[in-house]
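Here are some exercises to work through with the structure open beside you. Try each task on your own, then compare your steps with the solution.

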Amino acid sequence: QVQLVESGGGLVQAGGSLRLSCAASGSIFSCNTMGWYRQAPGKQRELVATITIGGNTNYADSVKGRFTISRDNAKNTVYLQMNNMKPEDTAVYYCNADISINLFRRRDYWGQGTQVTVST
């Protein structure tokens, strides 16, 4: 059984910062690409940022230069540092991880989501 547990969401004023964390636990052979997605009310879930096991990153244009994704492979944990936040960043943020539980089985897992609200 694999679980992703997120933390760090909350309420912040525009221009402020938050840091999200997501720890994967359970029968993990390898955490491959990990990432963050978000879903605002009435909108589809969208990619925020991803990071490969080797550290290659990819960002949505809307967050480039403001958000930084990083990971600790020893802890199977991914982080999202969000700076200069804007009201349009308000959403439920979901952690995602491509996890191998052995050499032959691999699938996507999702966290439960954490609310991030940016006030004006």
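A residue counts as buried when its relative accessible area is under 20%, as exposed when that area is over 50%, and as partly exposed in between. Keep in mind that this is a predicted model.

**Exercise 1. Sort by burial**

Task: Decide whether D89, with 0% relative accessibility, is buried or exposed, and then do the same for R38, R66 and E46.

Solution:
- Step 1. D89 has a relative accessibility of 0%, so D89 is buried.
- Step 2. R38 comes to 6%, and is therefore buried.
- Step 3. R66 comes to 8%, so R66 is buried as well.
- Step 4. E46 has a relative accessible area of 37%, so E46 is partly exposed.

**Exercise 2. Build a salt-bridge network**

Task: Find which salt bridges link these four residues into one network.

Solution:
- Step 1. Recall the cut-off: a side-chain nitrogen of Lys or Arg must lie within 4 Å of a carboxyl oxygen of Asp or Glu.
- Step 2. Begin with E46 and R38, whose side chains form a salt bridge with an N to O distance of 2.7 Å.
- Step 3. Next take D89 and R38, which form a salt bridge at 3.0 Å, N to O. D89 sits in the loop between β8 (77-82) and β9 (91-100) while R38 belongs to strand β4, so this pair ties together parts that are 51 residues apart in sequence.
- Step 4. Now add R66 and D89, a salt bridge whose closest N and O atoms are 2.8 Å apart. Because R66 is in the loop between β6 (57-59) and β7 (67-72) and D89 is in the loop between β8 and β9, the pair connects parts 23 residues apart in sequence.
- Step 5. Put the shared partners together: R38, E46, R66 and D89 are joined by salt bridges into one network. In the whole structure, the search finds 5 salt bridges.

**Exercise 3. Describe the largest pocket**

Task: State the volume of the largest pocket and describe its lining by class.

Solution:
- Step 1. The volume of the largest pocket is about 160 Å³.
- Step 2. Its lining includes R38, E46 and D89, along with residues such as K43, S62 and T90.
- Step 3. Sorted by class, the lining holds 5 charged, 4 polar and 2 nonpolar residues.

**Exercise 4. Look at a surface patch**

Task: Which residues make a nonpolar surface patch of about 440 Å²?

Solution:
- Step 1. The patch is made by F29, L103 and F104.
- Step 2. Locate F29 in the loop between β3 (18-26) and β4 (30-39).
- Step 3. The relative accessibility of F29 is 53%, so F29 counts as exposed.

**Exercise 5. Spot the positive phi**

Task: Work out where N76 and N84 are placed, and what phi N76 and N84 have.

Solution:
- Step 1. Start from the general rule: most residues other than glycine have a negative phi.
- Step 2. N76 is not a glycine, yet its phi is positive, at about 50°. N76 is found in the loop between β7 and β8.
- Step 3. N84, also a residue other than glycine, has a positive phi near 45°. N84 is in the loop between β8 and β9.
- Step 4. With a relative accessible area of 43%, N84 is partly exposed.

Terms used. Residues numbered from 1 in each chain as written. Predicted model: local features only at pLDDT ≥ 70, side-chain atom pairs only at ≥ 80, totals over all residues. Heavy atoms only, no water. Patch = residues over 30% accessible without salt bridge, like charges linked within 9 Å, V, L, I, M, F, W, Y side chains within 5 Å. Areas by Shrake-Rupley, 256 points an atom, 1.4 Å probe, with all protein chains shown as cover. Helix = DSSP H or I, 4+ residues; strand = E, 2+ residues; numbered from the N terminus. Buried < 20%, exposed > 50% of the residue type's maximum accessible area, 1.4 Å probe, protein only. 1 Å grid on protein atoms, 1.4 Å probe; cavity = no way out; pocket = protein on both sides within 12 Å on 5 of 7 lines; lining within 4 Å. Points joined across faces, edges and corners; volume = space filled by probe spheres on them. Nonpolar A, V, L, I, M, F, W, Y, C, P; charged D, E, K, R; others polar.
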